[in-house]
Amino acid sequence: MISQPATAPALFIGHGSPMNTLETNGFTESWSDLGRVLPRPRAILVISAHWFIGATAVTAMPRPRTIHDFYGFPPELFAYDYPAPGAPNLAQEVADVVKPYWVGLDYDQWGLDHGTWSVLAHMYPEADIPVVQLSINALKPLAYHVDLGLKLAALRKSGVMILASGNVVHNLQLVRWNRPDAAFDWNLRFDETVATQLAEDPVSILRVTDHPDYAKSVPTPDHFIPLLYTAGLAAASEGRADAIVRGYAMGSLSMTCYGIGTEKFCPTKAEGAATLPVRVPADQSNI
């Protein structure tokens with residue numbers, strides 16, 4: 001008798017600077033711990049802030065390339081490769097499970113961007129678990145992404161980990177290099193509001209867009225939208241997403257991470273997130 005895979009956890013990871021790939025700090029150690037503590041998935045579906053396009057698509061190539069989608073960082077980071085296999089069959093499952101929404105199968109355009117591999121470099125450094133990415137459709141309203149999260153929840157029952165990667169608070173114009181572990185008051189307020197919403201009523205996550213600090217915390221939607229998938233996943237299953245790693249970077253970034261089905265992981269506070277190159281304006285680095 002063939003055993004059925006256990007329901008896989010779902011995560012939202014505040015990924016911050018791509019330099020976290022090469023560094024050991026409180027956040028990357030937490031990501032490594034997640035990879036050790038959580039059950040090994042059969043595959044990973046990632047929703048990354050950095051595939052923000054005018055369509056909904058999923059990578060369907062057998063060998064996705066490592067994309068270095070940023071500027072001004074050292075050569076060591078551009079040389080980094082994460083050679084995880086793709087999963088064309090899973091890509092088709094994604095397209096099927098969200099119907100009647102349409103998802104295109106991308107056989108040759110994208111790959112794995114740093115929102116994916118900067119995290120998986122620590123969670124699964126052997127790069128031996130199949131990975132696919134789902135794009136963020138920039139043309140759709142925010143409610144669309146929550147609804148897709150609700151539909152994608154079925155994949156967890158077949159052992160697929162769904163990992164959303166972004167930052168709840170992500171304002172690059174207001175970063176302060178001299179405040180590496182600090183958070184502005186508005187950052188703290190909005191981040192705490194989101195944590196409460198996800199713990200108590202994730203399906204209503206869009207209520208946080210009415211918060212007085214939303215505009216400053218989310219000046220662009222790309223890094224916030226992955227959280228909406230986590231909210232939908234939580235609403236479809238456990239009914240809550242728990243803050244499992246808390247911390248901040250450079251005043252205007254939240255590094256908070258959330259988990260669904262992650263009871264075996266001990267929540268932690270972290271420090272020491274990687275910073276940004278000083279020779280390139282933060283809002284031009286594409287982090």
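This is a guided tour of a predicted model, moving from the whole chain to its cysteines.

**Whole chain.** Begin with the chain in cartoon representation. Its secondary structure comprises eight helices and 13 strands. The radius of gyration is 17 Å, close to the 19 Å that the globule rule gives for 287 residues, so the chain is as compact as a globular protein of that length. Next, reduce the display to the C-alpha trace, which spans about 55 × 40 × 35 Å along its principal axes.

**Contacts and burial.** Display the residue contacts and consider those between residues at least 6 apart in sequence: 82% of them join residues at least 24 apart. Then colour the chain by relative accessibility; 59% of the 287 residues count as buried.

**Surface and charges.** Switch to a surface representation. The accessible surface of the chain comes to about 11,500 Å², and carbon and sulfur atoms account for 53% of that area. Now select the charged side chains, which carry 20 positive and 28 negative charges. The mean positions of these two sets lie 3 Å apart.

**Cysteines.** Select Cys-257 and show its side chain. Is Cys-257 buried or exposed? Cys-257 counts as buried, at 0% relative accessibility. Move next to Cys-266, which is exposed, with a relative accessible area of 59%. Finally, draw a distance between the two sulfur atoms. The closest cysteine sulfur to that of Cys-257 belongs to Cys-266, and the 14 Å between them is too far for a bond. For Cys-266, in turn, the closest cysteine sulfur is that of Cys-257. The structure holds zero disulfides, a disulfide being a pair of cysteine sulfur atoms within 2.5 Å.

Terms used:
Residues numbered from 1 in each chain as written. Predicted model: local features only at pLDDT ≥ 70, side-chain atom pairs only at ≥ 80, totals over all residues. Heavy atoms only, no water. Helix = DSSP H or I, 4+ residues; strand = E, 2+ residues; numbered from the N terminus. Rg over C-alpha atoms; globule rule 2.2 N^0.38 Å. Buried < 20%, exposed > 50% of the residue type's maximum accessible area, 1.4 Å probe, protein only. Contact = heavy atoms within 4.5 Å. Areas by Shrake-Rupley, 256 points an atom, 1.4 Å probe, with all protein chains shown as cover. Lys, Arg positive; Asp, Glu negative; His and termini not counted. Charge placed at Lys NZ, Arg CZ, Asp CG, Glu CD.
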